[in-house]
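Me: Please take a close look at one part of this model and describe how that part is put together.

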Amino acid sequence: MLAQKRPSLDALINANPRKQEVLPAIELSLTNCLSETDLHLSVPGLKSKVRGKVRDIYDSRDYLVLVTTDRQSAFDRILASIPFKGQVLNQTSLWWFDKTRHITSNAVVASPDKNVTIVKKCTVFPVEFVVRGFVTGSTDTSLWTVYQKGVRNYCGNALPDGLQKNQRLSANILTPTTKAADHDVPISPQQIVERGLMAQDEYDEVSTKALSLFEYGQSVASEHGLILVDTKYEFGKAPDGSILLIDEVHTPDSSRYWVADSYDQRFQDGLEPENVDKEFLRLWFKEHSNPYEDEVLPDAPRELVTELAWRYIFLYETITNREFEIPLTQEPIHDRISANVASCLASLQRP
């Protein structure tokens, strides 16, 4: 009996009838993206704004208002604005926050808008908890890069000789990093405690939760034909001393996903795994500019922006098994968010 032919990544993404349903909405929204926000100028009670690469963060007494924009970052700069990206990331995280409550509490208080999450204020641990299930990557801190250089003890993990690129590890590992001058610095658990970044009991609790979250994420991804390859988590301590999961969870921005059905054969053949991410846009900029040094970058091609918007939606729908809700009108996004946030904060802060 012949083995059933598995669908390729191209078939999953480009031959997907859903793509033709959402493309018109994506194209209509190319000029109506959420690139910048100024909620502190229009919403009472918002004190200040911190602009991240993708999120704008506003201070509101006991809460923070996190607005996920459509900005697309790479090479430590903004490349483009991608229709619906902020909505996808925010709703993906909210789905995972809800599904992982059995593993850890989180900081979410409310989501008054498709692009917005309101969270409890926490003291954020200055450590990103990167969990990896495979030897892969191309950045300076990626596991494959350091492994090629001969490193066999990375962030406290002993690595055997003979591993190949994209090989599955015998067990998931934690490779924490700290932030310094806009880049990640690997650090061991012992160094985290010795430098006073976290107490030993805090590290033990968070590391256990991070590994459990990743294992659960891998299980859910597997059910939908995907492999969760690696990801990062952030945690903070609430005023009552409890440790909460914060930021984003298992989004296309914070995680790497491969197509499960083709992984084994492609690994055996020495080919790169099929992936669903923004790599093709990064490659275009590297081919058409020097994104690290050029003061002005070329505009991202319309067709690539449209394709990336579709891929974000595809990944959201595949993981959550929900249909992405396309906004029905071309109402200015900023006006909608301002009204929804103002109404929610007034309710939360009412005595």
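Which strand do the 3 bridges join to β6, and in which sense do the two run, parallel or antiparallel? Go on from there to the sheet and to what packs on it.

Reply: The model is predicted. In it, β6 is joined to strand β7, residues 116-120, by 3 bridges, and the two run antiparallel. One position in this pairing is Ala110, which stands opposite Ile118 in β7.

The pair belongs to an open sheet of 5 strands, ordered β1-β2-β3-β7-β6, with antiparallel pairing. Because β6 (108-113) and β1 (49-51) stand at the edges and have a single partner strand each, one side of each is left without a neighbour in the sheet. From one strand to the next, the twist averages 20 degrees.

Two helices are placed against these strands. Helix α3, residues 85-99, packs on the sheet and touches β2 (55-60), β3 (63-68), β6 and β7. The direction of α3 makes about 145 degrees with that of β6. Helix α10, residues 333-348, lies across β2, β3, β6 and β7, and α10 runs at about 140 degrees to β6.

A further pairing involves β4 and β5. Strand β4 (residues 71-74) pairs with strand β5 (residues 77-81) over 4 bridges in the antiparallel sense. Within this pairing, Gln72 stands opposite Ala80 in β5. The two strands form a hairpin with 2 residues between them. Phe75, in the turn, has a positive phi of about 55 degrees.

Definitions and conventions
Residues are numbered from 1 along each chain as its sequence is written. This is a predicted model: local features need pLDDT of at least 70, side-chain atom pairs count only at pLDDT 80 or more; totals for chains, interfaces and linings use all residues. Side-chain values use heavy atoms; hydrogens and water are left out. Two strands pair if DSSP finds at least two bridges between them. Axes are lines fitted to C-alpha atoms, for helices over the stretch in contact, and angles run from 0 to 180 degrees between N-to-C directions. Contact means heavy atoms within 4.5 Å.
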